[in-house]
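Let's take a walk through a protein model and look at how its pieces sit against each other. Have the structure open while you read.

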Amino acid sequence: GLSLYWLVAIAGYAIGPWLGGNIGLIDFSFYIVVMFFVISYCFIFSRKAIDDEHLEVIHFKKVFGFVKRYPLIWVICFVAGSAGEAIDPFMGVMGLTLGLSGEQSLNLMSFFLIGGVVMQYATGWLIDHLGVHRMTVYTSISAILIGVLVILTSHSYILLSFSTIAWGSACFGVSLLSLAIIANMFKGENKLLVVSVQAIFYDLGSVVGNTLNGISTDLIGAHGVVYVAILFFTITGVVGFIHKKR
């Protein structure tokens, strides 16, 4: 169910920049999405009562103790948030900084996400057969190597397009690891607590990743987002290796 949800979401996200660059539907599609969510929220919160069995108060001390017990797992969730949310917007920024047209830059964003869609089920299959900890190491190494390839192919839009698709596949492989870890390691824990903590670190990774991408682009140039990603993926690979040994 989660895989299908992410597949549809990423597919829509991938089509958006392409439509914006080629057809100019950015404002129109934005208002459609706004109306959809407003109507959805109105429908959800118009219910007269919510079943108390599905609500639970989680105290801060319990959250802190849970985080302290599994520090390495939350590092992976942190990097997963950066890989899944913070890289794609800066692919467009990288394209503009390299001198590509607006259409080409938006296409890079779509290509990155298309790679994620293509590898969605393949990554899940590999996680099932190789294990989540081994895949953490392998996927991180792949993302680092393909990131270097992105830098080397930046001189050619066509070559960069193909390397961007490949990099999107690897980066979203890292992003999916957080869901796989949650599914495999915390079957006996409070589900609401697990998902809440995962979401906190995933979103934190997105915020920090976007911030560092912006700073590195200003200081280093077009490839700043790649260097930040390589740093994060190196951390994830080391953490995955340590956790596998433990």
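## How the helices pack

Helix α5 (residues 102-118) and helix α8 (residues 157-185) cross at roughly 40°, and their axes come within 6 Å. That angle makes α5 oblique to α8. If you care about handedness, α5 passes α8 in a right-handed crossing. On the α5 side, the contact is made by Gln104, Asn107, Leu108, Phe111, Phe112, Leu113, Gly115 and Gly116, while α8 brings in Tyr157, Leu160, Ser161, Thr164, Ile165, Trp167, Gly168, Ser169, Cys171 and Phe172. Sort the residues of this contact by class and you get 10 nonpolar, eight polar and no charged.

Before going further, keep in mind that this is a predicted model. The chain has 10 helices and zero strands, so to speak a run of α after α from the N terminus on.

Now, what else does α8 pack against? Helix α4 (residues 71-97) crosses α8 at roughly 155°, with the two axes coming within 9 Å. Angles over 145 degrees count as roughly antiparallel, and α4 and α8 are therefore roughly antiparallel to each other. Here the crossing is left-handed. From α4, the residues in the contact include Ile73, Trp74, Ile76, Cys77 and Val79, and they meet a set in α8 that includes Leu160, Thr164, Trp167, Cys171 and Phe172. This contact divides into 19 nonpolar, four polar and no charged residues.

A third pair is helix α7 (residues 132-152) with helix α10 (residues 224-245), which pack at an angle of about 160° with their axes 8 Å apart. So α7 and α10 are also roughly antiparallel to each other, and α7 passes α10 in a left-handed crossing. Among the α7 residues in this contact are His133, Arg134, Thr136 and Val137, and among those of α10 are Val226, Tyr227, Ile230 and Lys244. By class, the contact has 11 nonpolar, nine polar and two charged residues.

Here are the three pairs side by side:

| Helix pair | Angle | Axis distance |
|---|---|---|
| α5 and α8 | roughly 40° | within 6 Å |
| α4 and α8 | roughly 155° | within 9 Å |
| α7 and α10 | about 160° | 8 Å |

## A few residues up close

Valine 117 is found in helix α5. Is valine 117 buried or partly exposed? Its relative accessible area is 22%, and since buried means under 20%, valine 117 counts as partly exposed. Valine 117 and isoleucine 165 are 48 residues apart in sequence, yet their C-alpha atoms are 9.8 Å apart in space.

Then there are the cysteines. Cysteine 77 has 0% relative accessibility, so it counts as buried. Cysteine 171 is buried too, with a relative accessible area of 0%. Both turn up in the contact of α4 with α8, Cys77 from α4 and Cys171 from α8. How many disulfides does the structure hold? The structure holds zero disulfides. As a reminder, a disulfide is a covalent bond between the sulfur atoms of two cysteines.

## The chain as a whole

Zoom out again. Of the 246 residues of the chain, 41% count as buried. What about contacts between residues with a separation of 6 or more? Residues 24 or more positions apart account for 81% of those contacts.

Terms used: Residues numbered from 1 in each chain as written. Predicted model: local features only at pLDDT ≥ 70, side-chain atom pairs only at ≥ 80, totals over all residues. Heavy atoms only, no water. Axes fitted to C-alpha atoms, helices over the stretch in contact; angles between N-to-C directions. Helix = DSSP H or I, 4+ residues; strand = E, 2+ residues; numbered from the N terminus. Parallel < 35°, antiparallel > 145°, perpendicular 65-115°, else oblique. Left-handed = near helix turned anticlockwise from the far one by under 90°. Contact = heavy atoms within 4.5 Å. Nonpolar A, V, L, I, M, F, W, Y, C, P; charged D, E, K, R; others polar. Disulfide = S-S within 2.5 Å. Buried < 20%, exposed > 50% of the residue type's maximum accessible area, 1.4 Å probe, protein only.
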